[in-house]
Amino acid sequence: MSKAPPKAPMVRLDRLLANMGYGSRREVADLVRHRQVVLDGVELRDAGARIALTADLPQRMSVVGQPLDPPAPLTILMHKPLDVVCSHRETGRSVYELLPKRWRARMPALSTIGRLDKDTTGLLLITDDGPFLHRVISPRANVAKRYVATLDRPLTGGEGEVFAAGSLILEGESDPLAPAVLEPLGEREARLTITEGRYHQVRRMFAAVGNHVSALHRDRIGGLDLPADLEPGGWRVLSTDQQAAVFS
């Protein structure tokens, strides 16, 4: 006999919307009082009402005439542009400023899964799902990250062997890097796939073989590719299946 599907958790309306950044509970209560929250075509009147947190809630509920934002857990794929930082503590425009302003007040808070430095573009994952974040960055998961590097000087032909050996030690470190895969794309361009996330790793690897990375772009994490039609600064909410592709 098959088990019945689990029931959707119930949550107070004011707590749900406040945690999603729509305002304080008092401000959410004002939205409800002014009939700005609609569920299944019905204007809600009680900010303390308990709502079933179902997957289709964003299709069924609207706030101030707009579809409800995706509830937690939420994972976003972003095409990080140049000159944007990944940390709240760094100076300059951050990736969080490319998202709806109210999302900065979401609880749990959104965090990047790893970072791309200011001068690196490409695929960036942002999530409020702690277990997913830790699974991606765990060394045991062995999630590969693929980069396209543009170089100042031509490849010599020996870089691939050095990177694949698993014996390269970066300046200032004592532990060798895990083997990495180099795929030349041209005289001064190559794809590099790594399974670690050390500080400025790709740039330091090429520096170790006498070259300099002038541009760096990440186009894949695990089995998840950066969509070709996603412009720099653009982002998309990932489905459960798309998240699973990271580990494929």
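Okay, let's start with glutamate 43: this residue is partly exposed, at a relative accessible area of 36%. On the terms here, buried is under 20% relative accessible area, exposed is over 50%, and partly exposed is in between, with a 1.4 Å probe and protein chains only. Before I go on, this is a predicted model, so local features need pLDDT of at least 70 and side-chain atom pairs count only at pLDDT 80 or more, while totals for chains, interfaces and linings use all residues. Residues are numbered from 1 along each chain as its sequence is written, and side-chain values use heavy atoms, with hydrogens and water left out.

So what does glutamate 43 form a salt bridge with? The partner is arginine 35, with the closest N and O atoms 3.9 Å apart. A salt bridge here is a side-chain nitrogen of Lys or Arg within 4 Å of a carboxyl oxygen of Asp or Glu. Arginine 35 is partly exposed too, with a relative accessible area of 43%.

Staying with that region, there's an open sheet of four strands, in the order β3-β2-β5-β6, and the pairing is antiparallel. Strands are DSSP runs of E with at least two residues, helices are runs of H or I with at least four, and the numbering goes from the N terminus. Two strands pair if DSSP finds at least two bridges between them. The edges are β3 (42–43) and β6 (66–67), each pairing on one side only. Strand β5 (residues 61–63) is joined to β6 by two bridges, and valine 63 stands opposite glutamine 66 in β6.

Back to charges. How many salt bridges does a search of the whole structure find? It finds 16. One of them joins aspartate 56 and arginine 60, with the closest N and O atoms 3.6 Å apart. Aspartate 56 counts as partly exposed at 35% relative accessibility, and arginine 60 is partly exposed at 27%.

Then there's aspartate 128 with arginine 106, a salt bridge at 3.6 Å, N to O. Aspartate 128 lies in the loop between β9 (120–127) and α4 (130–137), and arginine 106 in the loop between β7 (75–80) and β8 (111–112), so this pair ties together parts that are 22 residues apart in sequence. Are these two buried or exposed? Both aspartate 128 and arginine 106 are buried. There's also a network of salt bridges linking Arg146, Glu183, Arg191 and Asp219.

Arginine 106 has another partner: it lies over the face of tryptophan 103, at 5.5 Å from the ring centre. The cut-off for a charge over a ring is NZ of Lys or CZ of Arg within 6 Å of the ring centre and within 35 degrees of the ring normal. Arginine 135 does this as well, its charged end sitting over the ring of phenylalanine 247, 3.6 Å from the centre.

Tryptophan 103 takes us to tryptophan 235, in strand β15 (residues 235–237). Tryptophan 235 is partly exposed, with a relative accessible area of 28%. Beyond neighbours within four places in sequence, tryptophan 235 is in contact (heavy atoms within 4.5 Å) with residues including Ile76, Met78, Leu98 and Trp103. A polar atom of the tryptophan 235 side chain lies 3.3 Å from the backbone oxygen of leucine 98.

Now β7. Six of the six residues of β7 are buried, so the strand is largely enclosed by the rest of the structure. Both faces are covered, with Thr75, Leu77 and His79 on one side and Ile76, Met78 and Lys80 on the other. β7 pairs with β9 in the antiparallel sense over six bridges, and lysine 80 stands opposite glycine 122 in β9. β7 also pairs with β15, antiparallel, over three bridges, and there isoleucine 76 has valine 237 as its bridge partner.

Last stop, the aromatics. The structure holds three aromatic pairs. One of them is phenylalanine 163 with phenylalanine 206, edge-to-face, 5.4 Å centre to centre and 90° between the planes. This pair links helix α5 (residues 159–164) to helix α6 (residues 201–208), with the two residues 43 apart. For the cut-offs, rings of Phe, Tyr and Trp (its six-membered ring) pair if their centres lie within 6.5 Å; planes under 30 degrees apart are stacked, over 60 edge-to-face and the rest tilted. Both phenylalanines, 163 and 206, are buried.

Conventions:
A polar contact is a pair of N or O atoms within 3.5 Å; within protein, one must be able to donate a hydrogen and the other to accept it, and residues adjacent in sequence count only if both atoms are side-chain atoms.
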